[in-house]
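Please look over the structure below with its helices and its nonpolar core in mind. The briefing that follows takes these topics in turn.

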Amino acid sequence: MRIGELGERTGVSTRSLRYYEEQGLLVGDRLPNGYRDYGADAVGTVAFIQDLFSAGLPSDIVRDVLPCAHGERPTGDCAALLERARQVRAALVEQEERIAGRRRTLDRFLAEGRG
């Protein structure tokens, strides 16, 4: 399928798909006319990439974890990859705690009817 169809099927912009390809996250063949061509498995790959980005993982970790989407083992040093993923998770927990504190402050403000 061409990049436009992949974008429609996944809900991801063609610009993002091109970025994924530049980052080595998504691989497509080039047709003689220069168009990108992706296999049917690209839909699942893009969904996996989106999930990992939504979880806050940077593209270098996504690239290393991506083989898991195809039932393969991650590339590189697994211990280092796990540690990086733990660090990202810890940063997400910290962000969640800050957001929860801000939400509590806003809730108090709204409950007191100030404004």
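Helices (H or I, at least four residues) and strands (E, at least two) are DSSP runs, numbered from the N terminus. This is a predicted model, in which local features need pLDDT of at least 70 and side-chain atom pairs count only at pLDDT 80 or more, while totals for chains, interfaces and linings use all residues. Residues are numbered from 1 along each chain as its sequence is written, and side-chain values use heavy atoms, with hydrogens and water left out.

**The first helix**
- The buried residues of α1 (buried meaning under 20% relative accessible area with a 1.4 Å probe, protein chains only) are Ile3, Leu6 and Gly7.
- Seen down the axis of α1, these residues fall within an arc of 100° (taken from the directions from the helix axis to the C-beta atoms), so they line one face of the helix.
- Their cover includes α2, β2 (36-37) and α3.
- Gly11, which follows α1, has a positive phi near 75°.

**The nonpolar core**
- The largest nonpolar core (buried Ala, Val, Leu, Ile, Met, Phe, Trp, Tyr and Cys residues joined through side-chain atoms within 4.5 Å) has 20 residues, and those with the most contacts inside it include Leu6, Leu17 and Tyr38.
- At least two residues of this core come from each of α1 (3-10), α2 (14-22), α3 (42-54), α4 (59-65) and α5 (78-112), and α3 gives the most, with 4 residues.
- Not counting residues up to four places away in sequence, Leu6 touches (heavy atoms within 4.5 Å) Met1, Leu17, Leu26, Tyr38, Ala42, Val43 and Val46.

**A loop residue**
- Leu57 lies in the loop between α3 and α4, and counts as buried because its relative accessibility is 14%.
- Leu57 and Arg84, 27 residues apart in sequence, are 9.0 Å apart in space, C-alpha to C-alpha.

Definitions and conventions. Buried < 20%, exposed > 50% of the residue type's maximum accessible area, 1.4 Å probe, protein only.
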